[in-house]
Amino acid sequence: MKADQKTAHGSCHAYTRHLTSCPHRREKEYNVCACPKWIYLRRKGEKSRRFSLETPSWQEAQEIAARKLEELNPTVAEARKKVEERKRKLVTVKDACDLWIEATKSRTNRSGTREQNSVMVKKFMAWAGDQGIEYVQDVTTMLLERWYRGAEWTRYADLTRSQRWVMVRSMVRYWFERGILDRDPIAVIKPIRANGDHVQGPYTDQQVAAILKQVEDDSRLKSFVAVLLHTGCDVVDAVLHDPARIEDVAIGERLVPVYRYRRTKTGVEAVIPLAIDAAQEMRSITGTAQNPEMMPFRNPGVELITDSHNWSQKVKAAINAAGVGWVELPTRDDRGRPKRKPANTKQFRHTAAVRWLREGQRPEDVARMLGHVDTAMVRRHYAPWVKELDKAHISRVVGNWAAMAPGE
Ligand SMILES: [Zn+2]
């Protein structure tokens, strides 16, 4: 017996039982005839077993014997069993996708949803094909993540990207829930938050009027709200308001009051040209006996963060008292209704930003007035007002035509 037919776990080898008709039946080591091949198997400490194979091939018989020998090792046997089980369960990407399509048909009657689903399924299958993935069991988190971060997905708008990924996720989760997959490889790859969630909304003119009416008898609170509205600054920067921040800048013949400060949050400078009456209102703010002279809203002996919180709450109380419960966003929910966000003090900043955009200010200028380093946030938070920007752009161009006309 050869050495490789025996291990610490037992022994196993193949042999030939020659038929009486075989011309080689007397040759002890002759195996390459077509006579039945058998296996001798003995696990250490147990009785030996012999069994015939279905193949007359000596080559195959030896391979089977070698495998059986290895499988006498319980660790190897266990690992092989798992592989076998997995193989039995393998489902092709195509079959898995078909199952999902069937499932969604019974789940929704909306043809739009079904249409989108089938687009997404085609996309998934094309991707799997490109990756050489034949079975859904071979779809891994890493592959999915690379796909979602790749050009095919990032070229979409955030909202589209997010919505489509949610569909891919529900399909993969379905396979997991049905036992086709023994884990959910996509669970950890969350869709990016869509643009729609970042969009901020302004208070309407009516809401602003109602809030101002509410604070009309509290001159300090009224002034505080005025600073928020005119400058669009954060609450903390309004608390730090200093009338000396307003300087008159000569632009040609005009003196333009300009509000200039560094944002506490980022250190980025904000520069806001003010209307004359807004500048007057903000210059006239005076402190109380306790306020530091330069900062009429800042209370000494209180941490800045506490001061901010207190002011924020005061404004919020006025907003509530004015019956303003929410801002309406220009985005829509699933049922096509405008989305809303609960009203709060911070939305005065968004109100100022949107007002500027509506006036036709360029995103670059609005970003500088808000104290942003670039226009990314403006475009992200206020994207729906790009239409207004378009209008402003068109009217400027048309205005230039009009200016040219008499000379022609
Ligand atoms: Zn033979």
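**Strands and domains in a predicted model**

Strand 1, residues 6-7, and strand 2, residues 10-16, run antiparallel and are joined by two bridges. Before going on, please keep in mind that this is a predicted model.

Let me stay with that pair for a moment. How many residues does the hairpin between strand 1 and strand 2 pass through? The connection takes two residues. For one contact to look up on the screen, take Lys-6: its bridge partner in strand 2 is Ser-11.

Strand 2 also pairs with strand 3, which covers residues 37-43. That pairing is antiparallel too, and it runs over seven bridges. If you want a place to find it, Gly-10 stands opposite Arg-43 in strand 3. As a general reminder, strands of a sheet pair through backbone hydrogen bonds, and the pairing can be parallel or antiparallel.

Now to another sheet. This one is open, has three strands in the order 5-6-7, and is paired antiparallel. Which strands are at the edges? They are strand 5, at 246-251, and strand 7, at 269-273, and each of them pairs on one side only. From one strand to the next, the twist averages 35°.

Let us walk across the sheet. Strand 5 is joined to strand 6, residues 254-262, by six bridges, and the two run antiparallel. Here Asp-248 stands opposite Pro-257 in strand 6. Moving on, strand 6 and strand 7 are antiparallel and share five bridges. In this pair, Arg-262 stands opposite Glu-269 in strand 7.

The link between strand 6 and strand 7 is a hairpin with six residues between the strands. Within the turn, Gly-267 has a positive phi of about 80°.

Strand 7 is worth a look for its side chains. Which residues of strand 7 are buried, and which are not? The side chains alternate along the strand. Ala-270 and Ile-272 point to one face and are buried. Glu-269, Val-271 and Pro-273 point to the other face and are not buried.

Last, the overall division. The protein chain is split into domain 1 (3-89), domain 2 (93-193) and domain 3 (205-235 + 298-393). Note that domain 3 is written as two stretches of the chain. How far apart are the C-alpha centres of domain 1 and domain 3? The distance between those centres is 80 Å.

To recap: strand 2 pairs with strand 1 and with strand 3, and the open sheet has the order 5-6-7. That is what I have for today.

Note on methods:
Residues are numbered from 1 along each chain as its sequence is written. This is a predicted model: local features need pLDDT of at least 70, side-chain atom pairs count only at pLDDT 80 or more; totals for chains, interfaces and linings use all residues. Two strands pair if DSSP finds at least two bridges between them. Helices (H or I, at least four residues) and strands (E, at least two) are DSSP runs, numbered from the N terminus. Axes are lines fitted to C-alpha atoms, for helices over the stretch in contact, and angles run from 0 to 180 degrees between N-to-C directions. Domain bounds come from an automatic or database domain assignment. A residue is buried if 20 or more other C-beta atoms lie within 10 Å of its own, exposed if 12 or fewer, and partly exposed in between; C-beta atoms are placed from the backbone.
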